[in-house]
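Welcome, and let us take a walk through this model together. Have a look at the chains below, turn them around for a moment, and then read on.

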Amino acid sequence: MSFVSVSWLGWIAAVTAVFWALQARFRTLFLILATLVFIGWTDPLSLGVLAALTGLTIVATRERAVPGWRAVLCVGAIVAVLAGFKIAVGPIDDAGVADLAMPLGLSYYALRCIHYVIERYTGRIAAGPGLDVVAFLFFIPTIFIGPIHRFPEFRRDLARHRWDEALFSEGVERIIHGYARIVILGNFLIVNLTETLTQALGPDRTAAVTYIAMVSTGLNLYVQFAGHSDIAIGFARLLGFRVMENFDRPYLKPNISAFWRAWHISLTSWARDYVYGSVVALTRSPALGAVTTLVAIGLWHEISLRYLVWGAYHGLAIVVWQQVQVWKRALPAPRSTAVRGALHVLAVLLTLHFVWLGFLLVRQPDPGAMWSVVVTLVSGGW
Amino acid sequence: MSETDPLGELEATIAARAAAKAPFMGGRASLAYPQLRERIARTRGLLARLGVGRGARVLIASEDDAAVGVLYLAALTHGATAVVMDPNATPAEAVVLAARSRPAALFLDDMLIRRTEALSRSVEAPLVAIAPDRPARAGLGFLIRPKATVPATYPALLGDEMAAEPEREAAADDPALMLFTSGTTSKPKAVVISRGALAAQLEVLVRRFGLDTRSRIVNHLPFHHTDGLNQGPLLAAAAGCEVIRPGAVTIQSLGAILDLVYQRRASHLVTVPTVLAMMARLPSDYDDTFSHPEFRFIESTAGPLDPALWRETEARFAARVVNCYGLTETVSEALYAGPDDASHRIGTVGRPDGFEMRIRDDAGATVGRGKTGELMLRGAGLMSGYFEDPEATAAVLADGWLATGDLAVEDEDGCVRIVGRKKNMIIRASVNIYPEDLDTAARACPGVSAAATIGMPDEMLGERVILCVTARQGATGLQDTLMEHLRETVGAERLPNEIIVLDALPYGPSGKVLLSELRTMASAAGPATAGETMTEAVIAEAAAAFGRRAAELGPESTAESTAGWDSLTFLEFVTRLERRFAVRLAPRDVMAIDRLGDAIAALERTGTTAAGALQ
């Protein structure tokens with residue numbers, strides 16, 4: 001199932017029309033049913049997996065105070081299911097946005113379940129109506145490709161739910177924006193431009209060709225993923241829900257820590273809250289927390305050596321950056337605005353290239369191939 | 001329809017809205033005009049069957065907003081007098097108030113009847129129990145068909161009642177409503193409001209607030225207070241609009257109440273200054289609560305509104321706040337600062353509407369603008385008097401003028417500022433508390449030899465109630481015993497915030513307690529609690545970890561509201577707390593810290609006290 005298709009647009013239109021035509025009290029139920037019908041129609045097996053995880057989540061958290069052992073068991077089981085599928089499916093060909101061989105939306109769905117279980121365990125979320133939880137987990141705009149929105153915000157949106165013309169029009173705008181990003185910027189401009197440039201350079205200039213491939217990968221990945229998020233956020237707005245943003249100009253950030261706060265925000269904030277938070281609460285070590293978190297993010301994409309390396313590459317970069325901040329305190333800050341501006345631009349470019357290189361590396365099948373990309377960039381022909 | 005009955009239009013308005021199938025009550029209760037009309041007519045039938053005639057009193061006390069709304073409107077259109085009492089009254093209070101009002105019929109919450117066995121023994125009038133229509137169901141519960149219930153309680157029993165026509169002979173002077181304002185068990189005082197006074201108030205409110213059939217009023221105030229009852233179901237029925245009842249306001253429920261204002265696109269919010277102070281502490285994601293074009297204004301009533309809070313609320317929520325002044329004795333409101341620009345003067349209660357006003361000195365002479373004196377009011381909206389209490393009535397009502405007991409100054413532009421209180425009364429969170437009531441109740445407690453109650457300023461509540469007592473010889477553990485005694489006699493709404501046991505009360509030459517001296521003694525006697533010190537310690541550590549000034553932080557501070565609070569500095573904050581308090585917080589507690597208040601709670605759970613902190 002492609003989300004850049006006329007049939008998905010048809011679903012969006014049909015679900016939105018029926019949703020608003022119904023009486024308010026039936027709308028939540030309808031959204032759940034629409035999601036169930038869609039998954040049942042495209043992939044009945046996925047429906048079984050997601051329903052099982054939903055049942056597990058609701059049963060594990062049904063009491064007012066969720067015992068620690070049960071929360072651990074439940075989160076463990078969800079992680080096992082997710083990891084089991086990731087291992088069974090094996091490496092994916094491209095770092096695409098939809099892992100179609102997996103049960104539909106499982107990567108995102110599992111994280112929402114874990115979020116709910118942990119929040120119930122810590123007591124930050126009070127036990128609520130089961131229908132609200134199912135509606136949250138089976139929310140059609142975000143179930144398949146995120147953002148990994150949060151239950152408290154969703155429940156508040158349910159409580160505040162009303163027809164809002166301005167929000168609806170924002171939704172339409174956002175969907176058009178998303179499709180334009182994917183189709184015009186990504187599929188047409190970036191792909192064609194890369195091809196033209198690569199052909200113009202010729203086969204001998206290996207370093208330049210690799211560099212173009214790196215830039216193209218970085219740019220296209222962003223427009224594709226941000227575009228899909230736009231469609232999901234826009235669809236949610238058509239239904240009167242505000243879903244968290246997923247990107248905040250990530251390629252304009254001056255350091256790797258800021259990049260990770262602006263890239264795939266719903267995933268990174270999830271990982272910060274539940275992976276980093278847990279590791280740091282247990283060990284009191286921010287460095288270990290950062291590396292573990294980024295490795296977990298890497299393995300969430302795919303359980304493989306290349307993603308493990310990619311996660312560690314980013315995790316260690318954050319540790320280094322944090323150490324640099326400590327050293328920086330001892331140095332005098334530049335007074336000139338021009339110097340500060342130039343340093344900022346340099347920092348942005350450095351961060352950008354570090355991230356893009358990471359994206360190019362993780363597309364290689366193994367660490368050996370990763371290394372040869374680096375060698376080509378350094379010693380190949382420009 | 002009688003031309004003399006000023007409330008005669010009510011029935012017709014309800015009928016017209018029933019024909020349009022409009023909603024009448026939303027929020028916690030749910031009732032549409034067609035149901036309302038039907039239930040009112042059948043309730044009139046029930047009242048007639050119970051022998052309640054024109055002018056007879058019907059005592060109503062229930063937490064069921066829909067039931068109280070229907071009963072009140074049914075009593076009014078039946079020509080009877082509604083007496084609305086606090087459903088959480090203590091058993092002792094309920095018995096005394098029921099006996100005092102001598103009702104022809106009582107409609108009380110089933111729970112209240114069960115709690116107050118003496119009630120059914122002490123009154124001879126028919127007693128009807130109010131209970132919800134059917135058990136509330138959550139989630140998928142609506143898929144299950146409710147079991148048939150035996151209609152022994154109101155409103156279920158209305159199914160067997162015949163509808164009855166409204167009373168057409170009621171006159172303007174007939175008593176319509178009676179509300180208890182003070183007294184509890186010792187000397188209850190009830191304000192009697194005529195049909196004419198009610199109608200006069202409604203006319204002003206509908207006009208002034210710009211109400212029409214599209215209006216949606218959110219009003220969370222209780223029905224045994226005039227602003228809940230008369231600016232709730234009655235005002236909605238008079239304007240043909242909807243009243244939304246969100247349930248009682250607490251720090252925990254306030255967010256949900258504002259969400260309801262947003263979701264239902266409310267046009268008016270009727271609230272009190274304490275709630276506005278609570279709103280000021282909410283995170284910024286509530287700022288858009290009043291952003292819809294249908295919203296007109298927030299009405300602040302039943303207590304003095306701090307000018308800074310007024311300005312802050314208007315600026316932050318981009319909504320106009322109309323500050324109103326009134327008493328139960330004026331039905332509801334008498335002076336309004338807004339919504340028009342001319343009377344919307346911050347720091348004042350604006351100008352009178354529906355009333356004439358004068359400010360008099362102690363000799364009874366009217367004082368000029370800029371001079372302080374007692375605020376006097378005259379108009380069609382005044383009460384008839386206190387129920388069967390000519391002495392108390394004569395003390396405040398003479399020649400058609402009501403002495404409000406409030407000291408006021410009229411500004412140059414005709415707006416009035418309330419500058420003090422002549423009467424001995426404390427307003428805590430918009431509930432009027434009479435010190436004499438507490439003093440009397442306290443003195444009845446074994447172990448207490450003397451008692452005097454004072455109000456102390458409080459940022460959130462407006463005033464705190466402090467009860468100062470002296471103990472009889474040999475009395476021990478007096479504070480706990482006395483608090484328990486008061487809980488049973490005066491009820492939760494009037495309990496003091498603090499009881500201070502003193503060696504002696506300060507008396508003046510005439511034998512009266514010197515209140516100003518008592519305030520000084522109470523301030524000196526009230527020690528800072530350990531919790532306050534703990535809060536300060538946590539804020540100090542947060543300030544150091546996040547690089548902020550302590551004054552910028554409070555228990556409500558979050559990562560969103562505090563610059564410098566990120567995952568790294570947060571860890572430093574936790575480490576600092578653990579070092580300072582010599583504890584190790586559990587991972588569950590560390591992960592649950594969203595606000596500084598959570599850190600305080602987490603530390604308190606470990607049994608840590610600020611006194612035990614390592615400095």
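A good place to begin is inside chain A, where 22 Å separate the centres of domain 2 and domain 3, taken over C-alpha atoms. Chain A is divided into domain 1 (6–159), domain 2 (165–238) and domain 3 (252–325 + 334–379), with bounds that come from an automatic or database domain assignment. Ten residues of domain 2 of chain A are in contact with nine residues of domain 3 of chain A; here two residues are in contact if their C-beta atoms, placed from the backbone, lie within 7 Å. On the domain 2 side of this meeting in chain A there are six nonpolar residues, four polar ones and no charged ones. In this scheme Ala, Val, Leu, Ile, Met, Phe, Trp, Tyr, Cys and Pro count as nonpolar, Asp, Glu, Lys and Arg as charged, and the others, Gly among them, as polar.

A word on what you are looking at. This is a predicted model, in which local features need pLDDT of at least 70 and side-chain atom pairs count only at pLDDT 80 or more, while totals for chains, interfaces and linings use all residues. Residues are numbered from 1 along each chain as its sequence is written, and chains are lettered from A and ligands numbered from 1 in the order in which they are written.

Now step back to see chain A as a whole. Chain A has 15 helices and zero strands; helices (H or I, at least four residues) and strands (E, at least two) are DSSP runs, numbered from the N terminus. The radius of gyration of chain A is 22 Å, close to the 21 Å from the globule rule for 382 residues, so chain A is as compact as a globular protein of that length. That radius is taken over C-alpha atoms, and the rule is 2.2 Å times the number of residues to the power 0.38. The C-alpha trace of chain A spans about 65 × 50 × 45 Å along its principal axes. Of the 382 residues in chain A, 40% are buried. A residue is buried if 20 or more other C-beta atoms lie within 10 Å of its own, exposed if 12 or fewer, and partly exposed in between, with C-beta atoms placed from the backbone.

For a single residue to find, try Pro67(A), in the loop between helix H3 (44–60) and helix H4 (68–89) of chain A. Is Pro67(A) buried or exposed? Pro67(A) counts as exposed because it has 11 C-beta neighbours inside 10 Å. The C-alpha atoms of Pro67(A) and Arg120(A) are separated by 9.7 Å, although these residues are 53 apart along the chain.

From here we can cross over to chain B. There, 18 residues of chain B are in contact with 20 residues of chain A. Helix H10 (251–263), helix H18 (567–581) and helix H19 (587–591) of chain B are the elements that each give two or more residues to this side. By class, the chain B side has ten nonpolar, four polar and four charged residues.

Chain B holds 20 helices and 26 strands. Its domain assignment gives domain 1 (1–15 + 24–132 + 163–194), domain 2 (356–421), domain 3 (426–525) and domain 4 (530–612). The C-alpha centres of domain 1 and domain 4 of chain B lie 51 Å apart. The radius of gyration of chain B is 26 Å, which agrees with the value near 25 Å for a compact globule with 615 residues. Buried residues make up 47% of chain B.

The strands of chain B are worth a slower look. Nine of them form an open sheet of mixed pairing, in the order S2-S1-S10-S9-S11-S12-S13-S14-S15, where two strands pair if DSSP finds at least two bridges between them. Strand S2 (31–32) and strand S15 (351–352) of chain B stand at the edges with a single partner strand each, so one side of each has no neighbour in the sheet. Within this sheet, strand S9 (residues 216–219) and strand S11 (residues 268–271) of chain B pair in the parallel sense over three bridges, and Ile217(B) has His268(B) as its bridge partner in S11(B).
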